[in-house]
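Mentor: Let's go through this model together, one question at a time. Start wherever you like.

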Number of protein chains: 4
Amino acid sequence: MKIKVDHHSDIPVYKQIVVAIKDMILANELIEGEALPSVRKLAINLGVNPNTIAKVFFILQSEGYVDSKPGIGYYVAKPPPSSIEKRLMDLDDAMRRIILKMKRFALSEEEINKRFSAIMEGVFENERNRS
Amino acid sequence: MKIKVDHHSDIPVYKQIVVAIKDMILANELIEGEALPSVRKLAINLGVNPNTIAKVFFILQSEGYVDSKPGIGYYVAKPPPSSIEKRLMDLDDAMRRIILKMKRFALSEEEINKRFSAIMEGVFENERNRS
Amino acid sequence: MKIKVDHHSDIPVYKQIVVAIKDMILANELIEGEALPSVRKLAINLGVNPNTIAKVFFILQSEGYVDSKPGIGYYVAKPPPSSIEKRLMDLDDAMRRIILKMKRFALSEEEINKRFSAIMEGVFENERNRS
Amino acid sequence: MKIKVDHHSDIPVYKQIVVAIKDMILANELIEGEALPSVRKLAINLGVNPNTIAKVFFILQSEGYVDSKPGIGYYVAKPPPSSIEKRLMDLDDAMRRIILKMKRFALSEEEINKRFSAIMEGVFENERNRS
DNA sequence: GTGGTCTAGACCACG
DNA sequence: GTGGTCTAGACCACC
């Protein structure tokens, strides 16, 4: 399990890991029933304190993303329905905020469209080349 | 000077204010040479401690966005050239990250385009109505 | 870590400590990766408020001299290259200013040389005795 | 009367002006009996507050560098004897401190001598060319 | 324990 | 009035 942790970010480490794992589950990169790494292993793997990972799993469990089998470990649960839609709306909001900032910096509708297209180009170029 | 401060955000108050003022300068909403509100007044205005504002101005000054005349007040300085370009690149990066997340959640290129257009629609509808 | 702090100097305490630590790093008396004393301990050690030390480390970090691992402590970073050269040029400038003052007080080139030699004598006498 | 005032220095403006005028007197650039500019004129000239200049003159007078003729103005007095020697010892001290810093940054006696000579060269080259 | 942030309140120098 | 500094003390997140 590969998660980038930024110790200098304002977002606390445990939150970074929580959303990273949530996103893996929502993106079906972790499938229902799959076992999560042990607290200790993940802690070493990510270079953080085991307490931090324990907190992460506690939060994920309380929000219904994972189940615990005491003495054995944690398993991916079925994510709450509509959680994916909610996540997408958050992304929409984030996108809207960025667009508003660009607009504030005097970028025209056209210029913003151009920037967006350039980024999309970069993100999807691999697929196109492959086909 | 109107700045929204969220005391419950992970981003510390002083940083929220720093970027808010930076963006006002970069967006030319504050123009070079203009006087900023005094530390104490802004502190009362935003409902934070004067020390917090002092820290904000200290950082803005060390980054070259404002200049202080001790005993008189703070003034908007000429922002380092290319700082606006750098800011726009940061926004591009943020947008790219959002797009990648959407893609990861199995949205197709087309679907992402649609979402983006819908947001742009919302942001620019006023202008279009006016014309 | 021994730093002399003069509370009656015009130079603010936090700046005195900043340059003292910077110079230790530039002089390789603190080596890269070495842990610095904790904020609280150094504060007690130097007889100043923890906030003052926090400010010191904040500045040193923003200038790239140290790195923080929140919850663990501060560590000496690799100082920006050429920072030592810049420091030496500052010293040259200071020396030039002194020489100009002496000249202004009607000291001849010869007399200034003599004063300089006398000082050098005092500074390096130990070494010479040893050899 | 030309004095450089640095509003961003840690040394308060009034002190900067005090030593500047003291040095002019010690260097005989202002001679005994000469009239000093009026408080208001000097304030405008240097771009500082008249109160600051008043304080400067007050200090200079209390240290015996100037006399006041109430209702008329300030005049250069005979500087306290040996004040010039004291000033030179201060300069020696400053020079010694610089040399010690250089030594700390691993410069050898030879290297320091070289730097000093280079600076002296620069300071005295005009004279030599003239002769 | 550590760093990071914030508040409250004080004093100084300067305008 | 202004900025600049410092103290005292608190709370949080993280190790």
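Trainee: Which residues are exposed on the other side of H2(D), away from the buried ones?

Mentor: Exposed means over 50% relative accessible area, buried under 20%, and partly exposed in between (1.4 Å probe, protein chains only). Helices are DSSP runs of H or I with at least four residues, strands are runs of E with at least two, and both are numbered from the N terminus. The exposed residues on that side of H2(D) are D:Arg40, D:Lys41 and D:Ile44.

Trainee: And what kind of model are we looking at?

Mentor: Residues are numbered from 1 along each chain as its sequence is written, chains are lettered from A and ligands numbered from 1 in the order in which they are written, and side-chain values use heavy atoms, with hydrogens and water left out. Local features need pLDDT of at least 70 and side-chain atom pairs count only at pLDDT 80 or more, while totals for chains, interfaces and linings use all residues, because this is a predicted model.

Trainee: Why do the buried residues of H2(D) sit on the same side?

Mentor: In helix H2 (residues 39-46) of chain D, the buried residues are D:Leu42, D:Ala43 and D:Leu46. They share one side of H2(D) because the arc they cover around the axis, taken from the directions from the helix axis to the C-beta atoms, is only 105°.

Trainee: What do those buried residues pack against?

Mentor: Contact here means heavy atoms within 4.5 Å. By that criterion, the buried residues of H2(D) pack against two helices of chain D, H1 and H3.

Trainee: Nice. How many residues surround DNA strand E?

Mentor: A residue is near the strand if one of its heavy atoms lies within 4 Å of it. The closest include B:Val13, C:Tyr74 and D:Thr52, and the number surrounding DNA strand E is 29. Of the atoms of DNA strand E that come within 4 Å of the protein, sugar and phosphate account for 70%.

Trainee: How far is the polar side-chain atom of B:Thr52 from a phosphate oxygen of DNA strand E?

Mentor: A polar contact is a pair of N or O atoms within 3.5 Å; within protein, one must be able to donate a hydrogen and the other to accept it, and residues adjacent in sequence count only if both atoms are side-chain atoms. On chain D, a polar backbone atom of D:Val13 is 3.1 Å from a phosphate oxygen of DNA strand E. For the side-chain atom of B:Thr52, the distance is 2.9 Å.

Trainee: Last one: how far apart in space are C:Glu32 and C:Ala77?

Mentor: C:Glu32 is in the loop between helix H1 (13-26) and H2 of chain C. In sequence C:Glu32 and C:Ala77 are 45 residues apart, but C-alpha to C-alpha the spacing is 5.3 Å.
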